[in-house]
Amino acid sequence: MARFSAWAVAKNALSGNRNWTSQWRKPDPKPSYDVIIIGGGGHGLATAFYLAKEHGIHNVAVVEKGWIGGGNVGRNTTIVRSNYELRPNALFYEHSLKLWEGLSQVLNYNVMFSQRGVLYLAHSPGELDAHATRGNAMRLHGIDAELLDRDAVARFVPQLDMSDHTRFPIVGGLLQPRAGTARHDAIAWGYARAADQLGIDILENCEVTGFLKKGDTVTGIQTTRGDISAPKIGVAVAGSTSEVLRKAGVDNLPIESHVLQAFVSEALKPVLNTVVIGAGGHFYMSQSDKGGLVYGGELDKYNSYAQRGNLPIVEDVHTMMLALCPQFAKLRLLRHWGGIMDMSMDGSPIITKGPLPGLYLNAGWCYGGFKATPASGWCFAHTIANDAPHALNAPFTLDRFNTGYTIDEGGSGPFPRLQ
Amino acid sequence: MLILCPNCGDRDLSEFSYVGDATVQRPNPPEARPEDWQSFVYHRQNPRGPHRELWQHNGGCRLILEVTRNTLTHEIVGTKVAGPQRAGSGT
Ligand SMILES: Cc1cc2nc3c(=O)[nH]c(=O)nc-3n(C[C@H](O)[C@H](O)[C@H](O)COP(=O)(O)OP(=O)(O)OC[C@H]3O[C@@H](n4cnc5c(N)ncnc54)[C@H](O)[C@@H]3O)c2cc1C
Ligand SMILES: [Zn+2]
C-alpha cells in the first residue's frame, strides 16, 4: 500500500483522487493465530501494531464486533496530557506523551497531535496550592509544568471571565505546555492501517461470543465469524470488559461501566487556543480544527451501558461552561453523545497477564484512556510478547486491589463513579 | 430518567444520588476472611442488563431505595425501600 506524502497527494489530485486504495484489508479469519487481540479500539489496534513492530510478532488478529473507530476511541474529547502526581501514572503517561510526539511519523498518518497546552484552572488559593504540589511532582518526574498566576491565565486565555463575582473566580492555573489534543479517528485509522501493513488481520463485524478453554486455560475464541484459536489472547474492550470476561468465567473484576457524555458546538472562528479544565476539574473544553467547541464534564455517576446519558449532566456541563465563558451562551449545541467507560476501583488502569492462563487484560481506562493509547498498546504488547510486564506497567496489576497497592490518583476510594 | 420512589411517586433523577451496587454483601467481621472483604470492597458483577442498585432520594424523603434498573436501556423495573426491616414494601 502506498505511503502518504506530499508527492502522493499531488499525484492523486491529478487523477481526480480516484486511485486511493482502502486503508486496510478485509481478510477472512484464519483458523488460528499466534496472538488474538479482542477489541479494535485504539488500545487493541496499538497493541497489534507494537506486537509486530517491536516484537516481530506478525501473525496477529484484531477482532472487533463493530467497525474500527466505533467505540470510545471515536467518542472522546481528545485531550492528551501527562500531568499526573503519583509515580506509576506520571511515568506511564509521560511515556505515552513522548510516543504521541513522534506518532504521525511512525504511523505515516497525520494524527493531528496539537501541543496547544492543557491549563487546569485554580478557583481558590487552596486549589492553586494543590496545583503547585502536582506541578512540582511532575517536574521531579521530568514532565513540563508551569504555575500561572491570575494575570498570566488572563493573558493566555482571553476568553475566560476573570471577574471576581463569578461562580468560579480564577486565581491561577497549572499549565502543561506539551499537552494538547489529537484527532480521535486518526488514531484508530492510523494504527489500523499501520498494523495492516505489518501483516496483521483486522477482523471487523466479528463479535466474540465465547471462549474455547482446556480446563482453566483459554485456547481460543468463539465469534460470529467462527472459532479462532491462539495460545495468547489479549482483551482490550474498554467499557465491555466485564461482559467479555464473564464469557470466560471471570466475573469478579474491580470495574464498573459508566456513561460519559461529550458535546460539540457549531463551528466558529478560532476563539480558544488551548485546552481549559476548570470548575474544580469537572469541566473541560477545547476547540477543534473544524471550529466547534469540544467539551464535557463528569460521569452520569450510575452504572450504564447505554451510549447516551441523562439531562442533569447536560445542564450541569453547560452551567459550568457559561460560568467560565458567559459569551458562549449564544452558541448552539450541534452534536452530543455518550460512551461507556471502564471505571476501575482506583481510577488507574490494568495492563497485565491473566486473569486466566492464556489471557491478558488491558482495562480500567476510566475517562483517560485516549491519551494512554500509544503507551497502553506499547506496554500490553511487551507484556504479551514476554509474558511479563514492562517496568512501566508493572504496577498496573489486577491483584493490587487485594494486596493494598492501589494507585488512587484522586484519593477517592473504591468508588468508580468518583474517580 | 424518572425513578419511582415508593414514598413520593415518580421523581426526576436529579433528586436522587447513587449509592451503588445492592448485591454486594458486607462480610460479618468474626468469620470474614480477607477475600470476603476484597470482594465486598472491589469486585463487581457490572452486568449489561438488569442491575440491583441503591439510590438515596436525598432531594425528597431521604429514604434509601433498592432499584432494579436495566443498565442498557435505563428502564426501571422495580423499586422498594432498602433495608431488612422494610424489605418487600413498595412496588
Ligand atoms: C465522552 C468521552 C470523552 C473522553 N475524553 C477523553 C479525553 O479527553 N482524553 C482521554 O485520554 N480519554 C478520554 N476518554 C476515554 C477514552 O476514549 C477511552 O479510555 C479509550 O478510548 C478506551 O480504549 P479503546 O480506544 O481501546 O476503546 P474502544 O474504542 O471503546 O474499543 C473497545 C472495542 O471493543 C469492542 N468490543 C466490545 N465487546 C466486544 C466483543 N464481544 N467482541 C469483539 N469486540 C468487542 C468494541 O466494539 C470497541 O470497538 C473519553 C471517553 C468518552 C466516552
Ligand atoms: Zn422519596
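## Polar contacts to the ligand

A polar contact here is a pair of N or O atoms within 3.5 Å. Keep that cut-off in mind for this predicted model, where a backbone N or O atom of A:G368 sits 3.1 Å from an oxygen atom of ligand 1. A:T78 also reaches a ligand oxygen atom through a backbone N or O atom, this time at 3.4 Å. A:T77 uses its side chain instead, with a polar atom 2.8 Å from an oxygen atom of ligand 1. As for cover, ligand 1 taken alone exposes 1,000 Å², and the protein buries 96% of that.

## Who lines the site

There are 36 residues around ligand 1, and the ones that come nearest are A:E64, A:N72, A:V73, A:T77 and A:K371. So what is the mix of nonpolar, polar and charged residues in the shell around ligand 1? It splits into 17 nonpolar, 14 polar and five charged.

Several elements of chain A chip in at least two shell residues each: helix 2 (42-55), strand 13 (255-267), strand 17 (333-344) and helix 9 (369-386).

## Helix 2 against helix 3

Helix 2 of chain A, one of the elements that supply the ligand shell, also packs on helix 3 (residues 87-107) of chain A, at an angle of about 75° and with the axes 14 Å apart. Angles from 65 to 115 degrees count as roughly perpendicular, so that is what helix 2 of chain A is to helix 3 of chain A.

On the helix 2 side of chain A you'll find A:F49, A:Y50 and A:K53, meeting A:L99, A:L103, A:V106 and A:L107 from helix 3 of chain A. This contact is made up of six nonpolar residues, no polar ones and one charged.

Methods
Residues numbered from 1 in each chain as written. Chains lettered and ligands numbered in written order. Predicted model: local features only at pLDDT ≥ 70, side-chain atom pairs only at ≥ 80, totals over all residues. Heavy atoms only, no water. Near = heavy atom within 4 Å. Polar contact = N/O pair within 3.5 Å; in protein donor to acceptor, adjacent residues only side chain to side chain. Areas by Shrake-Rupley, 256 points an atom, 1.4 Å probe, with all protein chains shown as cover. Helix = DSSP H or I, 4+ residues; strand = E, 2+ residues; numbered from the N terminus. Nonpolar A, V, L, I, M, F, W, Y, C, P; charged D, E, K, R; others polar. Axes fitted to C-alpha atoms, helices over the stretch in contact; angles between N-to-C directions. Parallel < 35°, antiparallel > 145°, perpendicular 65-115°, else oblique. Contact = heavy atoms within 4.5 Å.
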